[in-house]
Structure formats: structure tokens, C-alpha cells
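Here's a look at how some helices, a pocket and a cavity fit together in one protein chain. Take a moment with the picture before reading on.

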Amino acid sequence: MEAYRTIAALFAVRGGDAYYGEAVSQREHALQCADEAVRDGAPDALVAAALLHDIGHLLHQLPEDIAEQGVDARHEAAGEAFLRRYFGPEVSEPARLHVEAKRYLCAVDPRYRAALSPASVRSLELQGGAMDADQARAFAARPFADDAVRLRRWDDAAKVVGKAVPEIDAYQEILDRMERQNSARPK
Ligand code: FE
């Protein structure tokens, strides 16, 4: 189906790009994140969201050290528009909310904040820093907030250099099914 073809092509062309400030590529990061989701028993939609949460990074041509230059690339917005073309909110929303989920987790879990990588601490500041108590309450009440928080923890774990995980084709069936489900949904 169209989504898988487009995504596989994006991975082939841009997947070798560095994952911002980390020692793994965008492809390695995405595939590790999806694998974490599978191992954690996530439903298919959330596995797809994990695989595609940073697809926005592959859709533009910004330099890879963009966070260090003090610019927030807003990759989650570009990614959202792309994902909404093919998938329902159960895929696009957890992906869209994964940056906010980091700000949320920093507010409610001190151990989470302490364990962030240096690059992730830098980008946190650009993303607005930890939420305050009101913001955290409002975030937790949003649809798909729990999914976004789960995704965020896999995201943070998906930075292991040289880890062997399944390739993109392992997810074709899930992506095709999610796309079919979405196009069958009344608009
Ligand atoms: Fe990520």
C-alpha cells in the first residue's frame, strides 16, 4: 500500500541521517523504537506510531545539529501532517504528542529527567522545559496521552549503538492494515 512504499523509500533515502545528537541513525532509532513497542506488548497502532514518531525528521533538509544551533525543528508537526494522510489518530496522535510527553515526564518523574541524554536535555529547553503542575494535569487528560508517554519511554531507550533489530519490512503488514483501517473509516 501507499504508506508503506512511501515510508520505506524515505527510510532508504534519509534513514542513514544521524539521529539528532545521538550515535545512531534515524533508521536505527526508528526500528529500535518499534521493536521496544513490540516487546512491550503494544497494540499495532502504537507499534506503527513508535516506528514513525520521528518521520518528520526525514521530511525536511535541516542540518542534523539543529538543536545545538538553538532552533527547535518542530519535527512533530511535519510528521503529524504526513501521518494523518495515511493513518487514524491512534497512530498520528501518540507520535504528535511524543515531544510534549517528554515535558510531561520531566514534570512528574524526577528519575526520568535525571536519565535524559545530553542531547535530549538540550532539546528539552528548546521545547519549553518541564511542564508545570497545571500543564501536566491538562496533558494527562488528553486522548492518547498514555500512549504518547509509553512511546516516549521506548523513544528514549532506542539509541543503542549496533543493536540488531528487525528491518522495516517486518512492519509492512501492520502499516498496510492500519492504512486500510483508516481508509475504511467514515470521514
Ligand atoms: Fe525519537
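Is Ser 92 buried or exposed, and what is its relative accessible area? Keep in mind as you look that this is a predicted model. Ser 92 turns out to be buried, because its relative accessible area is 2% and the cut-off for buried is under 20%.

**Helix H5 and the pocket beside it**

Ser 92 is part of helix H5, which runs over residues 89-96. Most of this helix is covered, with six of the eight residues buried. Those buried ones are Glu 90, Val 91, Ser 92, Glu 93, Pro 94 and Ala 95. So who does Ser 92 touch? If you skip its neighbours within four places in sequence, Ser 92 is in contact with Leu 83 and Arg 84.

Ser 92 shows up again in the lining of the largest pocket, and so does Arg 84. That pocket has a volume of about 150 Å³. The rest of its lining is made of Phe 87, Gly 88, Pro 89, Glu 93, Asn 182, Arg 185, Pro 186 and Lys 187. Helix H5 gives the largest share of the lining, three residues. Sorted by class, the pocket is lined by four charged, three polar and three nonpolar residues.

**A cavity elsewhere**

The structure also holds three cavities of 30 Å³ or more. Let's pick the second largest, which has about 40 Å³ of space. Around it you'll find Phe 11, Gln 26, Ala 30, Leu 51, Asp 54, Ile 55 and Leu 58. Five of these lining residues are nonpolar, one is polar and one is charged.

**Two helix pairs**

Next up are two places where helices meet. The table puts the pairs side by side.

| Helix pair | Axes come within | Crossing angle |
|---|---|---|
| H6 (residues 98-108) and H8 (residues 118-126) | 10 Å | roughly 100° |
| H1 (residues 2-14) and H11 (residues 172-183) | 8 Å | roughly 135° |

What do those angles tell you? The axes of H6 and H8 cross at roughly 100°, and that makes H6 roughly perpendicular to H8, because angles of 65 to 115 degrees get that label. In this contact, Lys 102, Arg 103 and Cys 106 from H6 meet Ser 120, Ser 123 and Leu 124 from H8. The mix is an even one: two nonpolar, two polar and two charged residues.

The axes of H1 and H11 cross at roughly 135°, which makes H1 oblique to H11. Here, Glu 2, Ala 3, Tyr 4 and Ile 7 of H1 meet Gln 172, Leu 175, Asp 176 and Glu 179 of H11. Four residues of this contact are nonpolar, three are charged and one is polar.

**One more residue in H6**

Let's finish with Ala 107, which sits in helix H6. How does its accessibility work out? Ala 107 counts as partly exposed because its relative accessibility is 33%, and the partly exposed range lies between 20% and 50%. Leaving out neighbours within four places in sequence, Ala 107 is in contact with Ala 130, Met 131 and Ala 136. Ala 133 is worth finding in the picture too: Ala 107 and Ala 133 are 26 residues apart in sequence, and from C-alpha to C-alpha they are 7.3 Å apart in space.

Terms used:
Residues are numbered from 1 along each chain as its sequence is written. This is a predicted model: local features need pLDDT of at least 70, side-chain atom pairs count only at pLDDT 80 or more; totals for chains, interfaces and linings use all residues. Side-chain values use heavy atoms; hydrogens and water are left out. Axes are lines fitted to C-alpha atoms, for helices over the stretch in contact, and angles run from 0 to 180 degrees between N-to-C directions. Helices (H or I, at least four residues) and strands (E, at least two) are DSSP runs, numbered from the N terminus. Angles under 35 degrees count as roughly parallel, over 145 as roughly antiparallel, 65 to 115 as roughly perpendicular and the rest as oblique. Contact means heavy atoms within 4.5 Å. Ala, Val, Leu, Ile, Met, Phe, Trp, Tyr, Cys and Pro count as nonpolar, Asp, Glu, Lys and Arg as charged, and the others, Gly among them, as polar. Buried means under 20% relative accessible area, exposed over 50%, partly exposed in between (1.4 Å probe, protein chains only). On a 1 Å grid over the protein atoms alone, a cavity is a set of points where a 1.4 Å probe fits but cannot get out, and a pocket is an open set with protein on both sides within 12 Å along at least five of seven lines; lining residues have an atom within 4 Å of a point. Grid points are joined across faces, edges and corners, and a volume is the space filled by probe spheres set on the points.
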